[in-house]
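Me: I've got a model open here and want to talk it through with you. Can we start with one contact and work outward?

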Amino acid sequence: MKRRHFILLGSAAAGLPLEKRAQPSKLRLHRFHTGTTSKGNAMRKRVLTAIAVAALIGMTTSAAWPQQDIRWGTPPVGTAGHKAMVTLANLLNKEMPNYRISVLPTAGAIATVKGFATKELDGYYGSDVAFHELASDSGRFKGFKERVQRQPIQSFWSNTIEVGLAVHVRNKGKISKWGDLAGKRVFTGPLPFDTRAQTERALDALGVKFNYVQVDLATVGSLLESGAIDAMSIYTGSESSPPPWLSEASLAADWAALNPNADEIAEFKKKGLSVVEVSSKVFNRDVHADKVVELPFYYSFNVGLDVPEADVYEMLNIIEKHAADLASTDPTFAQIAKDMKGFQKRGVQSSVDLVPIHPGLAKWMREKGVWDPEWDSKITRR
C-alpha cells in the first residue's frame, strides 16, 4: 500500500511581494506519493531533504524582508541636535525593527526642514522658530514656498534650546549687558542655525545693531581669545546640556556669560520672548556668573505620513517608556523624562497655528489627556 505524505511549503520565497508573504491563505499544499520499498524510502528522504533546505532558505529570506528606511536629518556633528538624534536613533532602531534610521548631518536644522519639504529627507529636526518663518514666508524661508513638495508636520517634541551670549572674561566689566554689544563683532551662530535666528530675534527686540561675523564652530574660542570677535553665542538643551562644540571653545578661551539686565529682561517679556535662568553648573566650567539668563524655544524630531499613525503612536510610547534612559545618555531629553505628556502639549501649543499635527501624536495625546479638542482641525491626513 502506498502512503501519502503532505508537505506544507511557505510562500515566503524570494521574489514574492511582501503583502503575499504574510498571508497563510496563499500557502501551497503539495502531495507526494512514495512506496514502501527501500528505493522509495531513499527517494522520499531526498525529497524531504530538498524541501527542508528550501524551507530554510525561505525562512532566511523572510527574515531579511526589507525595512523601511528613514533618512533623518540633523544639524552638523558636534551640535546638541545631532547628538540627541544619534541617541534617539539607537533606541528606535532597537525597539522598532521594521524601521532603519540613518542619521544624516546637514548644515543646520533649517536644512533638515527644507530637505523634508523637498522629499530629500524622511525625518527632520524642526523648531517653532523655523516653523514661524516657514508659515510667514520670511527669514530663511523667504521665497521657499514654491519648492515645497510636502508640508512639514509635527510628530514628537523633544526639548527646548535656550540661547544666550558670552564675552571674554577680560571684557566682563566693559560689556555688562546685551545693549553694550551695539556696533560690536558678534558671532550669533552659523547662518542656518535656529539658535542664531532666536538670538538675533532677541537682539532685534532690544534694538541692538551689531556686526555679524561668520566663523567656523571649531574656531570660535580662538577667535574670542584673539579679540577677532567680541561676543559669541552660547546655548543649552533642556536647560542642562551645552553643545559639544562649546566645550572645545572653552578650552581656547576663558569666557564669561553675558546676562541681559533687568530692563532688557522686561523688554523681552513685553515682546513675547520667554526667559529662563539656567544653573551655571551645567556648563562644567567657571562662567563667571551665578546663573545664566537664556531665551528658550521648542524643538521637535519629526516624520511624515509615510510613517503611519499606529507607528508614530508606538514610537511615542517607546520614547516615554525609555525617557529616563535617554536622559541619562543625553541630558537634552531631561524635559521629556520629567514630564513627557506635558512637554508634548507645550510643544504643540508653540506651533499649532504654524504646521499641522501628525495623527499618531494626536492619538497619543488624547490617550494621555493633554489634547485640546480645538486642535482637531489641525490634524493632517493624506
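Reply: Sure. The side chains of T188 and E200 are joined by a polar contact of 2.7 Å. A polar contact is a pair of N or O atoms within 3.5 Å; within protein, one must be able to donate a hydrogen and the other to accept it, and residues adjacent in sequence count only if both atoms are side-chain atoms. Keep in mind that this is a predicted model: local features need pLDDT of at least 70, side-chain atom pairs count only at pLDDT 80 or more, while totals for chains, interfaces and linings use all residues. Residues are numbered from 1 along each chain as its sequence is written, and side-chain values use heavy atoms, with hydrogens and water left out.

Me: Where does T188 sit in the fold?

Reply: T188 is in the loop between β7 (185-187) and α6 (194-205). Helices (H or I, at least four residues) and strands (E, at least two) are DSSP runs, numbered from the N terminus.

Me: Why does T188 count as buried?

Reply: Because its relative accessibility is 0%, and buried means under 20% relative accessible area, exposed over 50%, partly exposed in between (1.4 Å probe, protein chains only).

Me: And what is T188 in contact with, leaving aside neighbours within four places in sequence?

Reply: T195, R196, T199, E200, L203, F210, Y212 and S233. Contact here means heavy atoms within 4.5 Å.

Me: Switching to H358. Which loop is that one in?

Reply: H358 lies in the loop between α12 and α13 (359-368). H358 is buried too, with a relative accessible area of 0%.

Me: What does the side chain of H358 reach?

Reply: The backbone oxygen of G304, at 3.3 Å. Beyond four places in sequence, H358 also has contacts that include I153, Q154, S155, V303, L305 and T380.

Me: OK, zoom out. How many helices and strands in the chain?

Reply: There are 13 helices and twelve strands. The chain has 382 residues, and 48% of them are buried. Among contacts with a separation of 6 or more, 74% are between residues 24 or more positions apart.

Me: Now pockets. How much space lies in the largest pocket?

Reply: About 620 Å³. Its lining has 29 residues, and D128, Q198, P296, F297 and Y298 are the closest to its centre. On a 1 Å grid over the protein atoms alone, a cavity is a set of points where a 1.4 Å probe fits but cannot get out, and a pocket is an open set with protein on both sides within 12 Å along at least five of seven lines; lining residues have an atom within 4 Å of a point. Grid points are joined across faces, edges and corners, and a volume is the space filled by probe spheres set on the points.

Me: Which element gives the most to that lining of the largest pocket?

Reply: α12, with seven residues. By class, the pocket lining has ten nonpolar, nine polar and ten charged residues. Ala, Val, Leu, Ile, Met, Phe, Trp, Tyr, Cys and Pro count as nonpolar, Asp, Glu, Lys and Arg as charged, and the others, Gly among them, as polar.

Me: How many cavities of 30 Å³ or more?

Reply: Three. The largest cavity holds about 100 Å³, and of its 13 lining residues P75, G81, Y125, Y235 and Y299 lie nearest the centre.

Me: What about the second largest cavity, what volume?

Reply: About 80 Å³. Its lining includes W72, M96 and D311, and by class it has nine nonpolar, one polar and one charged residues.
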